[in-house]
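Got the viewer open? Here is a walk through the model, one selection at a time.

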Amino acid sequence: MGRLQEYISKDLLSRSGLTIPKGIIVSNDSFNLDSVTFPLVVKAQIPIGGRGKSGGIKIANSRSEATDIINSMIGSSINGVPVDTVLLEEKVDIKQELYVSVFIDRDKSNALLMISEYGGIDIEELDSEKILKINISPLTGIKDYMLRSVIGRMSLDSDVIDSVKNVIRTIYDIFIQYDAELVEINPLVITNNSNVVALDAKIIIDDNSLFRQTELEGLESGLNSFETNTSKLGVNGVFVDGDIAIITSGAGLQMATNDTVTSLGGLLGPTIDMGGTVLKDEETLNKAIFGIISELSILNPKVILFNTFFQFARCDVMARAIKNSLSNSNNIPIVARLQGRGDDEAAQILSDSPSVFVTKSFEEACTLAVNTAKGGN
Ligand code: GDP
Ligand code: MN
């Protein structure tokens, strides 16, 4: 579940009474544009922000323009993420773009409301003095004085104030009702007619609550195809758009590797924790590694870093699996730290593969991966 797709997030907002643009979802080539009006906005349904800047949001002024845009967007990939669904929405006129979100403030153990009159760009890119923040205790919830306090510090036309307050109350209610980690509307748009419309939404549900969020069961998650496909291989993939793909034998090693690579100045890419199940026999591992390398070759990171430490599974089996997958690796350089049972044989097996560097050293592997990603060797 995790992050819900934009159109699903907006559906939840709409069911709670908030205004969203009228729209339809298209996910194959037999779409019907009879119910839409022009101009419309075509929005790639991918779980990353900044789509505006990267070609994931396009305006179509006519039926033929819309058809062209939809056909070129579906099946393409944006920042490495394949697009299989697009949202077609009426184009909304924008007078003002706000940012509003509620998320879990883990340091303070309560909810944090953030609101800004400088919405439309990623919150990470906003100066912190442009963001108003209020902590909300889950025991008291949102109080009217809190709303008055933030609204009073913004320059909003008086005729939209009630609607904006209603949006804040509603996203807090959704945050609580659905056990969300984040409910974000960015931008929350004020139109020339003083309508308040959620133009984009991002909701992340706490996976630990899924047992009691039966209403959300079966909803399409924001998992992209890398995450879906790797989970079919029996491993746990997380898509990150970056240079260095990291594959480890365990979640703890994953975190240690991520930290080390980051501290060496590397840019983390997609990660895969192989877990234990694919290690159970050679055939299963072969299949998994072949699949992993195929998936990664589509994303095309600058380097693939394997970091494994085996006490029970065998490094030489892993080395053979890597070697068997090289035909599919798109020649992406591979750094493999293979330490533990059979590590000498592993180094031997891969010694004649020029695109693979093998080491037993964690440090050396991370350093080499970072240097390779930076263009050195
Ligand atoms: P993101 O870049 O992935 O966060 O996608 P958004 O849905 O937030 O859209 C980014 C920007 O595209 C918005 O801030 C708007 O400026 C613009 N945009 C998106 N939808 C519309 C629309 O219906 N009308 C207009 N005028 N602009 C839009
Ligand atoms: Mn947005």
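**Stop one: a helix pair**

Start by selecting residues 144-152, which are helix 3, along with helix 4: the two pack at about 125°, and their axes are 11 Å apart. That angle makes helix 3 oblique to helix 4. Look at the handedness too, since helix 3 passes helix 4 in a right-handed crossing. Now show side chains at the contact: helix 3 brings Asp 144, Leu 147, Arg 148 and Ile 151, while helix 4 brings Ile 161, Val 164, Lys 165, Ile 168 and Arg 169. Colour them by class and you get five nonpolar and four charged residues, with no polar ones. Keep in mind as you go that this is a predicted model.

**Stop two: just past helix 4**

Stay with helix 4 (161-177) and step into the loop that leads to strand 10 (180-190), where you'll find Asp 179. Is Asp 179 buried or exposed? Its relative accessible area is 14%, so Asp 179 counts as buried, the cut-off being under 20%. Which residues does Asp 179 touch, apart from its neighbours within four places in sequence? Select Ile 174, Ile 205, Asp 206, Ser 209, Arg 212 and Gln 213 to see those contacts.

**Stop three: strands 8 and 9**

Next, pick residues 110-116 for strand 8 and add strand 9; they pair antiparallel over five bridges. Click on Ile 115 and look across to its bridge partner in strand 9, Leu 132. In a regular strand, side chains alternate between the two faces of the sheet. You can follow this along strand 9 (residues 132-136): Leu 132, Ile 134 and Ile 136 form the covered face, and Lys 133 and Asn 135 the uncovered one.

**Stop four: the four-stranded sheet**

Head back towards the start of the chain for an open, antiparallel sheet of four strands, ordered 1-6-2-3. Its edges are strand 1 (23-26) and strand 3 (57-60), each with pairing on one side only. From one strand to the next, the twist averages 25°. Zoom in on strand 2 (residues 40-44), which is joined to strand 3 by four bridges in the antiparallel sense. Here Val 41 sits opposite Ile 59 of strand 3.

Two helices come next. Select residues 6-15 for helix 1, which lies across strands 1, 2 and 6 and runs at about 45° to strand 6 (86-90). Then select residues 63-73 for helix 2: this one lies across strands 1, 2, 3 and 6, at about 160° to strand 3.

**Stop five: the six-stranded sheet**

Now find the open sheet of six strands, with mixed pairing and the order 13-15-14-16-17-18. Strand 13 (236-238) and strand 18 (356-359) are the edge strands. The twist here averages 15° from one strand to the next. Strand 16 (residues 303-310) and strand 17 (residues 334-340) run parallel, joined by seven bridges. Check Leu 305, which stands opposite Val 335 in strand 17. Helix 10 packs on this sheet, touching strands 14, 16, 17 and 18, and its direction makes about 170° with that of strand 16.

**Last stop: helix 6 on helix 10**

Finish with residues 251-263 (helix 6) and 362-373 (helix 10), packed at about 50° with axes 10 Å apart. The two helices are therefore oblique to each other, and their crossing is right-handed. Among the contact residues are Leu 253 and Ala 256 of helix 6 and Phe 362 and Cys 366 of helix 10. By class, the contact has six nonpolar, two polar and one charged residues.

Key:
Residues numbered from 1 in each chain as written. Chains lettered and ligands numbered in written order. Predicted model: local features only at pLDDT ≥ 70, side-chain atom pairs only at ≥ 80, totals over all residues. Heavy atoms only, no water. Pairing = 2+ DSSP bridges. Axes fitted to C-alpha atoms, helices over the stretch in contact; angles between N-to-C directions. Contact = heavy atoms within 4.5 Å. Parallel < 35°, antiparallel > 145°, perpendicular 65-115°, else oblique. Left-handed = near helix turned anticlockwise from the far one by under 90°. Nonpolar A, V, L, I, M, F, W, Y, C, P; charged D, E, K, R; others polar. Buried < 20%, exposed > 50% of the residue type's maximum accessible area, 1.4 Å probe, protein only.
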